[in-house]
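Let's take a walk through a protein, one stop after another. Have the picture ready, and turn it around as you read.

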Amino acid sequence: EDVSYVSKEDGGSLWEAYRAIKKHEHEITVAEAGKLYDRTVWDVLPFEGNCNYAPGSNAIYINAAFAKAPNYRPDMSDEELYAYMGCAIAHEISHAFDANGAKYDKDGNFINWWTDEDYAAFNAKNEKLAAYFNAMHPWEGQDLNGEAVIGEACADMAALKCMLRIAAGKPDFDYDRFFRAFADRTGFLRDHRRRQYVSCTRRQGCDLVKNSIIFGGINNEKNLMHAAGCSDAGISRFHRFCGRIRRSL
């Protein structure tokens, strides 16, 4: 690509090189504005430790750098594999059916492909999900913005449902091991992530909000409660309580 910056040997810095590259990328984006979307272009970098869903091409990207420890190891148990890579892949697929992804058809076109009845029912469920998170208070004096988080919440909850549905067909599946791996993936059981969590919470609450989204969506999972030693009677009482809360929203 035709991008120019001064090398380190000639007195340039990493920051200047980064800015030059970003400027060049921006110029390419501006030049492509108004043109048909090229679905053959790889929009992400394989060495970035991330994965994402691209609605314009209706595709998910699982970068090579993401598919390494701790997200993937050859010696992982099924429970760990489902909690790490399984949930990550299912999360990105589920974004195709969140409040934003649902606006694109199977070819990535921004058109309404729903029937009026189905789309109304879909939006009603999203409104309930938003109301559920609106009632949360991640820190004193601050509410969650349910409308802003329903995309991630939908993907997190759908991913967990997918993995638990697969797990239900596996004899002797260790739910305790699965949920511990799931918690580790989200950072609750890693010392360095826990320190980051506390630090970030003090600054702006970002991890606290994210973890409210994740765990707010799984706190009534029956398998999680069984793994934590809850009785069926206790789970039933909890579900009745949650039902009263939901009906009051």
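Before the first stop, you need one term: a polar contact is a pair of N or O atoms within 3.5 Å, where, within protein, one must be able to donate a hydrogen and the other to accept it. Keep in mind, too, that what you're looking at is a predicted model.

Now find H95. You'll see it in the loop between α2 (78–94) and α3 (116–134). Is H95 buried or exposed? With a relative accessible area of 9%, H95 is buried, because anything under 20% gets that label. Its side chain has a partner as well: H95 and E152 are joined through their side chains by a polar contact of 3.2 Å. If you skip the neighbours within four places in sequence, H95 touches Y53, G101, G151, E152 and A155.

Let's follow E152 to its helix. Helix α4 covers residues 146–167, which is 22 residues. From its first C-alpha to its last it reaches 30 Å, close to the 32 Å you'd expect at 1.5 Å a residue. Look along α4 and you'll come to a kink of about 35 degrees, and its centre is E152. That's the residue whose side chain makes the polar contact with H95.

Next stop: the aromatic rings. How many aromatic pairs does a search of the whole structure find? It finds 12. Take F173 and Y175, whose ring centres are 5.0 Å apart. Their planes sit at 65 degrees, so this pair is edge-to-face. F173 also pairs with F178, and here the centres are 5.9 Å apart with 55 degrees between the planes, which makes the pair tilted. Both of these phenylalanines are buried: F173 has a relative accessibility of 9%, and F178 has a relative accessible area of 1%. Step back a little and you'll find that F173, Y175 and F178 belong to one aromatic cluster, together with Y82, F179 and F182.

Now for the charged side chains. The count of salt bridges comes to 9. Start in helix α1 (residues 14–32), where K22 and E25 are 3 residues apart, so about one helical turn separates them. Why does that spacing suit a pairing on one side of a helix? An α-helix has 3.6 residues a turn, so residues three or four places apart point the same way. K22 and E25 do form a salt bridge, with their closest N and O atoms 3.3 Å apart. Both are partly exposed, K22 at 39% and E25 at 37%.

Another salt bridge links E32 with K35, and there the closest N and O atoms are 3.9 Å apart. E32 is partly exposed, with a relative accessible area of 41%. K35 counts as exposed at 51%, because the cut-off for that word is over 50%.

For the last stop, look at E80 and R73, whose side chains meet in a salt bridge of 3.5 Å, N to O. Which of these two is buried, and which is partly exposed? E80 counts as buried at 17% relative accessibility, whereas R73 is partly exposed at 29%. The pair isn't on its own, either: salt bridges that share partners tie R73, D75, E80 and R177 into one network.

Technical notes: Residues are numbered from 1 along each chain as its sequence is written. This is a predicted model: local features need pLDDT of at least 70, side-chain atom pairs count only at pLDDT 80 or more; totals for chains, interfaces and linings use all residues. Side-chain values use heavy atoms; hydrogens and water are left out. Helices (H or I, at least four residues) and strands (E, at least two) are DSSP runs, numbered from the N terminus. Buried means under 20% relative accessible area, exposed over 50%, partly exposed in between (1.4 Å probe, protein chains only). Contact means heavy atoms within 4.5 Å. Rings of Phe, Tyr and Trp (its six-membered ring) pair if their centres lie within 6.5 Å; planes under 30 degrees apart count as stacked, over 60 as edge-to-face and the rest as tilted. A salt bridge is a side-chain nitrogen of Lys or Arg within 4 Å of a carboxyl oxygen of Asp or Glu. The expected span of a helix is 1.5 Å times one less than its number of residues. The bend at a residue is the angle between axes fitted to the seven residues ending there and the seven starting there.
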